[in-house]
Each structure stands twice: as C-alpha cells, then as structure tokens.
Amino acid sequence: MMTPRLPLPAVGSPRPADTPAITPMAFVQAIVLAYQRRSLSPDRALAQAQIAPFSVADTASRITAWQMERISGAAMQELSDEALGWFSRRLPWGSYGMLARASISAPSLGVALQRWCRHHGLLADDITLTLTASGGTATLQITEHRDLGPLREFCLVSVLRNILGVACWLIDSRIPLLAAQFPFAAPPHQGVYGVLFSGPTAFGASPAAIQFDARYLALALRRDERALQQMLQRALPLTVLPYRRDRLLVQRVRQALASHPTQTHNANAVAALLNVSPRTLHRQLKDEGATLQALKDEVRRACALELLLRTTRPIKQVAEAAGFQNEKSFIRAFRGWTGQSPAAFRQGRTPMV
C-alpha cells in the first residue's frame with residue numbers, strides 16, 4: 001500500500017526533534033480542512049503526528065518531515081482518500097500504487113511519465129497532467145478544470161512534487177529543476193519552495209509547472225517489481241530522497257562548459273550555473289569517474305580544434321572562445337594536448353569546410 005509523495009525536504013522518518021521543522025503549517029491546515037469537509041475530527045491524526053491542535057492556527061509555525069508523514073498517512077486512511085480532499089472524488093487507498101505499477105515497466109523515464117500523466121487523468125478529472133519536451137527542456141504542467149478552492153496550493157505543490165519524486169526514484173538520480181511556476185500569489189511561506197523545488201520559482205504564472213533537462217527523459221528505469229514493493233511500503237520518505245547521484249551531471253557539465261566558456265573558469269562558477277555547491281559538484285563527478293579539469297580539457301580541446309581547422313580567427317580569439325583567460329595559457333595547454341603550438345597545428349592541417 002502506498003502513502004503519498006508529499007512535498008517534504010527530509011529523508012526517512014526521524015523523530016520530530018531530530019530534524020528541522022521546514023514544512024509550513026499551511027499544509028496541515030489543508031488536511032484539517034479536508035476533515036472538516038467530511039464532518040470528521042482530525043484530532044487522532046494530529047495526535048499521531050504530535051501536533052498540538054492549538055498550533056494549527058499559527059500560520060508562521062513549521063513541522064518536521066516526520067510529523068507530515070504521520071499526519072498525512074493517518075488522514076489518508078481515515079478519509080479513505082490518498083488525495084487528501086484535493087479532488088471532487090476520493091482516490092481510494094492504493095491509487096498511487098496503481099500509477100507506479102503502470103509506469104515501472106516503461107523502457108524510459110519519458111514513457112513512464114507519460115503513463116503516469118495519462119493514468120492520473122483516469123483517477124481524477126479535476127486536473128490534467130501533461131508532459132512535453134521542446135528545445136531540450138521537458139515540462140510537466142497541470143491544467144486545472146475546476147476551482148480547487150483553499151486546497152489549491154497544497155494540491156498543485158503536492159502533485160508536482162509527487163511526480164518529481166517518483167521520476168527521481170525510477171531512474172535513481174537527482175533531476176535538478178530549471179524552473180518551477182505556480183498560478184497563485186507568493187504565499188507567506190514562499191521560502192520553503194527553494195527546498196521543495198530546486199531552481200527559480202515564479203508565482204502568479206500559469207499553469208503550475210516544473211521544467212528540467214529533457215535528456216533525463218531518455219534514461220532507462222533502474223527499478224524493478226521488488227524495489228517497487230519495498231517503496232510502496234513507505235513511499236513518502238523514499239520519493240523525496242535528496243539523491244546524491246545525478247546520472248546526467250557529466251553531460252550537464254560539458255554543456256555548461258561549451259555554452260558558457262567565459263563564465264566557467266573555476267568550480268565555483270560551474271557549480272553556480274548548475275545550481276549545486278562546488279563540494280557537491282566535485283563529489284558527484286568523482287562518483288561518475290570524472291573530474292572537472294578533465295572535462296574542461298575535453299571541451300576546450302574540441303572547441304579549439306574546431307575553430308583552428310574551420311576558421312581563420314586569430315589565436316587570441318580562439319583562446320577566448322575555448323574558455324581560456326589569456327592566449328599564453330591556451331598555447332601552453334594546446335602544446336600539452338597536441339605537442340605543438342596552435343599556429344603550427346593550423347599551418348600543418350588542411351582547412352575543413
């Protein structure tokens with residue numbers, strides 16, 4: 001049986017005192033409202049999550065991932081609704097498990113996400129999930145077909161965070177976001193969106209959507225039925241793991257070096273472009289058997305050779321276009337690559353057309 005993949009930034013299920021309180025009380029208020037709409041009391045669920053009833057009204061307060069997992073799990077069972085009141089009809093227990101099973105046999109992440117979007121529409125017609133790819137960017141967006149009312153933020157955030165968590169789990173990789181946007185005004189707790197969605201977040205922009213590098217869609221799934229069974233036992237912490245590995249990081253670094261040669265002279269600059277810390281950048285490249293310097297040499301060498309063979313641009317301009325800060329360092333590096341100077345290399349080669 002599957003618990004929902006709610007938008008929580010922590011891993012596992014530690015006790016409340018063991019992790020920082022990050023999740024906004026607004027999400028708890030949405031769950032309480034779902035109870036009220038059913039004329040049921042949330043007291044038992046609040047007690048299980050160790051949330052004092054009087055604190056629910058405090059919009060400035062926060063709860064831990066452990067508390068959110070406990071209250072959402074209890075609420076789904078008591079309300080018989082894995083969507084926690086978001087939609088016009090309840091999603092019976094096991095609905096999201098069915099979506100996962102329909103997706104896990106796909107040959108690639110793109111096909112898996114298409115299946116998730118299509119089958120989600122069979123469960124709830126209040127919204128439509130759509131996956132598109134254009135210009136190297138993949139977009140997952142939500143089209144709303146009815147007024148979601150006061151549960152709107154909780155619904156849109158959760159649905160997008162859920163599918164992102166599932167996508168990361170399916171390929172066992174981080175999927176850094178290029179952007180996220182939501183059609184409502186920035187809430188008082190907008191700061192938490194930086195935890196829930198990496199990359200810049202825009203408010204007052206329709207439709208609700210997240211964007212990421214479309215190359216992730218081509219990656220093969222790395223999970224099987226056995227892994228699925230284990231995940232479904234406690235899906236919430238598993239699908240919000242801050243994955244250490246990014247299976248496209250090497251390609252993303254190459255692209256950043258090639259696209260921004262004058263802005264990637266050091267690790268800090270490259271890390272900033274990729275929205276990771278320099279330490280994380282070096283660690284993940286090491287996990288992939290690569291180094292930043294080796295990738296820089298590879299990209300710069302390819303660019304320099306291309307320009308020397310195909311153009312008549314001065315050596316100084318070639319050096320700058322290849323990402324070198326000065327001509328002298330370029331000539332020194334080029335000798336190390338080829339055993340000769342850039343000028344000698346150009347003179348000894350037949351220009352390519």
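This passage describes a sheet, the helices that pack on it, a helix pair and the surroundings of one residue in a predicted model.

The sheet is open and consists of five strands, which follow one another in the order S3-S4-S7-S5-S6 with mixed pairing. The edge positions are taken by strand S3 (127–134) and strand S6 (201–203); each has a single partner strand, so one side of each is left without a neighbour in the sheet. On average, neighbouring strands are turned by 15° against each other, direction ignored. Strands of a sheet pair through backbone hydrogen bonds, in either a parallel or an antiparallel arrangement. For S5 and strand S7 (residues 208–213) the sense is antiparallel, and the pairing extends over four bridges. Within this part of the sheet, Ala179 stands opposite Gln211 in S7.

Two helices that pack on the sheet are described here. Helix H5 (residues 109–123) touches S3, strand S4 (137–144) and S7. The direction of H5 makes about 155° with that of S3. Helix H6 (residues 152–171) also packs on the sheet, where it touches S3, S4, S5 and S7. The direction of H6 makes about 145° with that of S4.

A further helix pair is formed by helix H4 (residues 95–103) and helix H8 (residues 225–233), whose axes come within 11 Å and cross at roughly 160°. Because angles over 145 degrees count as roughly antiparallel, H4 is roughly antiparallel to H8. The crossing of H4 past H8 is right-handed. On the H4 side, the contact involves Gly97, Ala100 and Arg101, which meet Glu225, Leu228, Gln229 and Leu232 in H8. By residue class, the contact of H4 with H8 comprises three nonpolar, two polar and two charged residues.

Val192 lies in the loop that runs between strand S5 (177–182) and helix H7 (193–196). The relative accessibility of Val192 is 6%. Since buried means under 20% relative accessible area, Val192 counts as buried. When neighbours within four places in sequence are left aside, Val192 is in contact with Ile22 and Pro24. Between Val192 and Glu288 the C-alpha to C-alpha distance is 30 Å, and the two residues are 96 residues apart in sequence.

Methods: Residues numbered from 1 in each chain as written. Predicted model: local features only at pLDDT ≥ 70, side-chain atom pairs only at ≥ 80, totals over all residues. Heavy atoms only, no water. Buried < 20%, exposed > 50% of the residue type's maximum accessible area, 1.4 Å probe, protein only. Contact = heavy atoms within 4.5 Å. Pairing = 2+ DSSP bridges. Axes fitted to C-alpha atoms, helices over the stretch in contact; angles between N-to-C directions. Parallel < 35°, antiparallel > 145°, perpendicular 65-115°, else oblique. Left-handed = near helix turned anticlockwise from the far one by under 90°. Nonpolar A, V, L, I, M, F, W, Y, C, P; charged D, E, K, R; others polar.
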